[in-house]
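Please open the model in your viewer and keep the selection tool at hand. We will go from stop to stop, choosing something to select and then looking at what is there.

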Amino acid sequence: MSELVVRENPKSAIAESIRVIRTNIQYTLKLKKSKTILVTSTSKGEGKSFVSLNLAISFAQKNLKVLLVDSDLRLGRLHKVFNTSCDKGLSVLLCDNDGENYQKYIQKTGIKNLSFIPRGIVPPNPSELLDSNNVKTFISAVEPHFDIIIFDGTPITGLTDSLVFSKYIDKAVVVCAANITKTDMLEKTIKSLKNLEVDIAGIVLNRVTNTITSSYYGNYYSE
């Protein structure tokens, strides 16, 4: 089944849940005139990339100009969803100190209003790249040209990537999964972000079984 649920199955329970999440996040963004969102999770397998992808599509369907950036420089897989190369992506952009010339790294998605930058070649030093002034240069360059910028980051547990990257982002969204995410690990993830004074827009509970449709959908809990 395609992961582009919001586009390909817009009447599904999953798509409706994504739209509810979008509405709540959009409200929090407007309160502080924010644009940049980091989507992270406690650990792998909780649906972080699925949520990032469909949130981006949902915002684009509201006629907003959206940039989706795969900032998981280790295992980022969004280029596979769009069936495109990841050779030229965020890691290369940051290594080349080429933030102001981000246009040459943008790839087409085939979805109106949605642009995409893949992760790039896996670097030897992901956390250092994501904690560099080049990140700030890049974000400053793209912000005037997009309404919403969504970064699909790494999970928090065991990695510093999303934590060091979060200081450049307006809001963070934490994805967890029913019957998978452990409560204590989620609490540690939230605490780690709050210790860095990261503004958490909310928590998405993913993979909640809907007994009526036998499908998965997400719930949104505002911080």
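What follows is a tour through a helix, some salt bridges, the cores, a few loop residues and a strand.

**Before you start**

This is a predicted model, in which local features need pLDDT of at least 70 and side-chain atom pairs count only at pLDDT 80 or more, while totals for chains, interfaces and linings use all residues. Residues are numbered from 1 along each chain as its sequence is written, and side-chain values use heavy atoms, with hydrogens and water left out. Helices (H or I, at least four residues) and strands (E, at least two) are DSSP runs, numbered from the N terminus.

**Stop 1: helix 2**

Select residues 13–31, which form helix 2. At 1.5 Å a residue, its 19 residues should span 27 Å, and the end C-alpha atoms, 28 Å apart, agree with that; the expected span is 1.5 Å times one less than the number of residues. Now colour by accessibility, where buried means under 20% relative accessible area, exposed over 50% and partly exposed in between (1.4 Å probe, protein chains only). Among the buried residues of helix 2 are Ile-14, Ile-18, Ile-21, Ile-25 and Leu-29, and also Arg-19 and Arg-22.

Stay with Arg-19: its side chain meets that of Glu-16 in a salt bridge (3.0 Å, N to O). A salt bridge here is a side-chain nitrogen of Lys or Arg within 4 Å of a carboxyl oxygen of Asp or Glu. The two residues are three apart in helix 2, so about one helical turn separates them. Arg-19 is buried at 19% relative accessible area, whereas Glu-16 is partly exposed at 40%.

Just after the helix, select Lys-33, which takes a positive phi of about 55°.

**Stop 2: two salt bridges across the sequence**

How many salt bridges does this rule give? The count comes to seven, and two more of them deserve a look.

Select Arg-74 and Asp-161, which form a salt bridge with their closest N and O atoms 2.8 Å apart. Arg-74 lies in the loop between strand 2 (66–70) and helix 4 (78–81) and Asp-161 in helix 8 (residues 161–165), so the pair ties together parts that are 87 residues apart in sequence. Arg-74 is partly exposed at 31% relative accessibility, but Asp-161 is buried at 0%.

Next, select Lys-171 and Asp-199, whose side chains meet in a salt bridge (2.9 Å, N to O). Lys-171 is in strand 6 (residues 171–177) and Asp-199 is in the loop between helix 9 (183–195) and strand 7 (200–210), so this pair ties together parts 28 residues apart in sequence. Here Lys-171 is buried, at 6%, and Asp-199 is partly exposed, at 24%.

**Stop 3: the nonpolar cores**

A nonpolar core is a set of buried Ala, Val, Leu, Ile, Met, Phe, Trp, Tyr and Cys residues joined through side-chain atoms within 4.5 Å. Which residues touch the most other members of the largest core? Select Ile-37, Phe-59, Leu-68, Leu-114 and Ile-150, which do so among its 33 residues. Helix 3 gives the most to this core, with eight residues.

Centre on Ile-150 and show its contacts (heavy atoms within 4.5 Å). Leaving aside neighbours within four places in sequence, its partners include Ile-37, Val-39, Leu-55, Phe-59 and Leu-68. A second, separate core has 25 residues, including Leu-90, Leu-94, Tyr-105 and Ile-169.

**Stop 4: Thr-42**

Select Thr-42, in the loop between strand 1 (36–41) and helix 3 (48–61). Is this residue buried or exposed? Thr-42 counts as buried, at 2% relative accessibility. A polar contact of 3.3 Å joins its side chain to that of Thr-189. Such a contact is a pair of N or O atoms within 3.5 Å; within protein, one must be able to donate a hydrogen and the other to accept it, and residues adjacent in sequence count only if both atoms are side-chain atoms. Beyond four places in sequence, Thr-42 also touches residues including Pro-155, Val-175 and Met-185.

**Stop 5: two asparagines with positive phi**

Most residues other than glycine have a negative phi. Select Asn-113, with phi near 75°, in the loop between strand 3 (107–108) and strand 4 (114–117). Asn-113 is partly exposed, at 26%. Then move to Asn-179, in the loop between strand 6 and helix 9, where phi is about 65°. Asn-179 is exposed, at 83%.

**Last stop: Gln-107**

Finish at Gln-107 in strand 3, which is buried at 15%. Its C-alpha atom is separated by 8.1 Å from that of Thr-84, 23 residues apart along the chain. Gln-107 touches Thr-84, and its other contacts beyond four places in sequence include Lys-88 and Phe-116.
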